[in-house]
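Reader: I have a structure to go through and I'm new to it. Can you walk me through it?

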Amino acid sequence: MQRTLDVGCGVNKYKGALGIDINPATAADVLCDLDRFPYPFADASFDSLRAIHVIEHLTDVIRAMEEFHRLVRPGGRVRIETPHYTDFSSFCDPTHKHHLNSFSFRYFGPNDAGFGYYTKAKFREIFVRVRLLSFWRCLGLELLVNTFPRFRRFWEHYLCYVVRGKSMEFEFEPLGPAVPAGRPTALPASR
Ligand SMILES: C[S@@+](CC[C@H](N)C(=O)[O-])C[C@H]1O[C@@H](n2cnc3c(N)ncnc32)[C@H](O)[C@@H]1O
């Protein structure tokens, strides 16, 4: 049986998953503040983890990603969904602390966008899917963005303030050893 952790599960907890959330009015099985580390589970406790419209609410994205990395077994899956920063919802909700685009998680990729010092937690990207506002989807632009990575980059750089995004879905596989749960947020300088 798959062990799935639904992080910030809200009221619509994923079927069969263990839900965690800060709010007792949700379907959470475990109440937990995702801005406090470590989360109350042992390393590699889960086969998969879902964070659906949650990461934008958290204070420390890097530290949360390190926890996701620690909690999911090697070969497991981490699924993240979050608004694109050009969507109405991204800036409308006053509890959103982050406004992301479809390249925001490249810092956790094996080549870390040249910012390897952000974190040691690395993930392999299984897929990124962008949803556009329905008008642009009907014109076929969503298909282009999702089929051609170079077009997605072009869209992010030049078009997205007009051809606005809606939401993004990411799936990752944790790579390498887990970052220990008790590590300080800042990496020690290596000289
Ligand atoms: C927009 S809702 C999404 C709920 C659910 N994942 C869904 O897709 O329906 C964001 C959820 O994150 C939870 N949340 C926000 N900040 C949190 C924190 N610091 N610790 C734990 N949960 C938090 C909220 O209580 C809420 O249930």
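Reader: Let's start with A44. Is A44 buried or exposed, going by its C-beta neighbours?
Author: A44 is partly exposed, because it has 16 C-beta neighbours inside 10 Å. A residue is buried with 20 or more other C-beta atoms within 10 Å of its own, exposed with 12 or fewer, and partly exposed in between; the C-beta atoms are placed from the backbone.

Reader: What kind of model is this?
Author: This is a predicted model: local features need pLDDT of at least 70, side-chain atom pairs count only at pLDDT 80 or more, and totals for chains, interfaces and linings use all residues. Residues are numbered from 1 along each chain as its sequence is written.

Reader: Back to A44. Where is it found?
Author: A44 is in the loop between strand 3 and strand 4. Helices (H or I, at least four residues) and strands (E, at least two) are DSSP runs, numbered from the N terminus. A44 has a positive phi of about 55° although it is not a glycine.

Reader: Which peptide bond is cis?
Author: The one that joins F37 and P38, with omega about -5°. P38 lies in the loop between strand 3 (30–31) and strand 4 (46–52).

Reader: And H53, what is its phi?
Author: Positive, about 55°, and H53 is not a glycine. H53 sits in the loop between strand 4 and helix 1 (61–71). H53 counts as partly exposed because it has 16 C-beta neighbours inside 10 Å.

Reader: New topic. Which residues come nearest to the ligand?
Author: G8, G10, I22, L34 and I52, out of 16 residues around the ligand. A residue is near a molecule or strand if its C-beta atom, placed from the backbone, lies within 6 Å of it.

Reader: How far is N101 from L34?
Author: They are 22 Å apart in space, C-alpha to C-alpha, and 67 residues apart in sequence. N101 is in the loop between helix 2 (88–92) and strand 6 (122–132).

Reader: What is N101 in contact with, beyond four places in sequence?
Author: H84, Y85 and E156. Two residues are in contact if their C-beta atoms, placed from the backbone, lie within 7 Å.

Reader: How many helices and strands does the protein chain have?
Author: Five helices and seven strands. Along the sequence the pattern is β-β-β-β-α-β-α-β-α-α-α-β.

Reader: How much of the chain is buried?
Author: Buried residues make up 32% of the 191 residues in the protein chain.
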